[in-house]
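Me: I've got a model open and I'd like to talk it through. Can you walk me around it?

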Amino acid sequence: MSTLRLNKLLSQAGVASRRLADELIAQGQPLASGYRRTFTVTPANTRPLDPNAWRALFRSPRASGLTFLGLSGCHVGAVIATQLAAAPRLANLTDLDLSYNDIGVFGARALLDSPHLLKLRRLWLEGNFRARADGEDALAADLELRLGPGLHLHDSPADDEEEL
């Protein structure tokens, strides 16, 4: 199995050049933002990230302190959502934005059933369910039961009145 350096992942995600990413990592960035430990990948283009890049992010030792992970519009499908759900280093996530992806029922079920995402309080899934899929209603009910008002099926963090 090949490894991918975090600076390359950040470069591929359009966050910074590799050199700047190395500097940010050395300073304790890019995963720290004020009082909250946040990381948002903003797609610089319409090309999906390599699956190894996602694995590197989810397995990075720096990911263990994250409380917010923003992956809106980053071509996250069910496979990547399942990898995210299986990542023990993401156990401190309280807020997860997966809006405008395509995780479907399978990926959302993996998130719901994850033993690592027990601290999750807010989840954005707008734009993930393209057509009515089998099990979608039951999944929505289970997510609502677990997250209550923290479940956002029809909005994204930018639409929320409350700042993150």
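Reply: Sure, here is a chat about the chain, its core, its helix packing and a few residues.

Me: What should I know before trusting any numbers?
Reply: This is a predicted model, so local features need pLDDT of at least 70 and side-chain atom pairs count only at pLDDT 80 or more, while totals for chains, interfaces and linings use all residues. Residues are numbered from 1 along each chain as its sequence is written, and side-chain values use heavy atoms, with hydrogens and water left out.

Me: OK. How many helices and strands does the protein chain have?
Reply: It has 6 helices and 5 strands. Those are DSSP runs numbered from the N terminus: helices are H or I with at least four residues, strands are E with at least two.

Me: And in what order do they run?
Reply: From the N terminus on, the order is α-α-β-α-β-α-β-α-β-α-β.

Me: How much of the protein chain is buried?
Reply: Buried residues are 45% of the 164 residues. Buried means under 20% relative accessible area, exposed means over 50%, and partly exposed is in between (1.4 Å probe, protein chains only).

Me: What about contacts between residues at least 6 apart in sequence?
Reply: Of those, 80% join residues at least 24 apart. Contact here means heavy atoms within 4.5 Å.

Me: Now the core. How many residues are in the largest nonpolar one?
Reply: The largest nonpolar core has 34 residues, and Phe58, Leu69 and Leu90 have the most contacts inside it. A nonpolar core is a set of buried Ala, Val, Leu, Ile, Met, Phe, Trp, Tyr and Cys residues joined through side-chain atoms within 4.5 Å.

Me: Which helices feed this core?
Reply: α3 (51–59), α4 (78–85), α5 (104–113) and α6 (136–147) each supply at least two of its residues. α5 gives the most, with 5 residues.

Me: So is α5 enclosed or open?
Reply: α5 is largely enclosed by the rest of the structure, because 7 of its 10 residues are buried. The buried ones are Gly104, Val105, Gly107, Ala108, Ala110, Leu111 and Leu112. Their cover includes α4, β3, β4 (122–124) and α6.

Me: How do α5 and α6 pack?
Reply: They pack at an angle of about 25°, with axes 10 Å apart. The axes are lines fitted to C-alpha atoms, for helices over the stretch in contact, and angles run from 0 to 180 degrees between N-to-C directions. α5 and α6 are therefore roughly parallel to each other. For that wording, angles under 35 degrees count as roughly parallel, over 145 as roughly antiparallel, 65 to 115 as roughly perpendicular and the rest as oblique.

Me: Which residues meet there?
Reply: Val105, Ala108, Arg109, Leu111 and Leu112 of α5 meet Glu136, Ala138, Leu139, Asp142, Leu143 and Arg146 of α6.

Me: Leu143, then. Is it buried or exposed?
Reply: Leu143, in helix α6, is buried, with a relative accessible area of 2%. Leaving aside neighbours within four places in sequence, Leu143 is in contact with Leu112, Leu123, Leu125, Gly148 and Leu151. Leu143 and Leu112 are 31 residues apart along the chain, and their C-alpha atoms are separated by 6.7 Å.

Me: Switching to α4. Which of its residues are buried?
Reply: Ile80, Ala81, Leu84 and Ala85 are the buried residues of α4. They sit on the same side of α4, because they cover an arc of only 140° around the axis. That arc is taken from the directions from the helix axis to the C-beta atoms. What covers these buried residues of α4 includes α3, β2 (68–70), β3 (95–97) and α5.

Me: How do α3 and α4 pack?
Reply: α3 and α4 pack at an angle of about 20°, their axes 10 Å apart, and are therefore roughly parallel to each other. The contact is made by Pro51, Trp54, Arg55 and Phe58 of α3 with Ile80, Gln83 and Leu84 of α4.

Me: Last topic, backbone. Which residue in the loop between β2 and α4 should I look at?
Reply: Look at His75, which is found in that loop. Phi of His75 is near 60°, a positive value in a residue other than glycine. Most residues other than glycine have a negative phi. His75 counts as partly exposed, at 40% relative accessibility.

Me: And Tyr100, where does it lie?
Reply: Tyr100 lies in the loop between β3 and α5. Tyr100 has a positive phi of about 60° although it is not a glycine.
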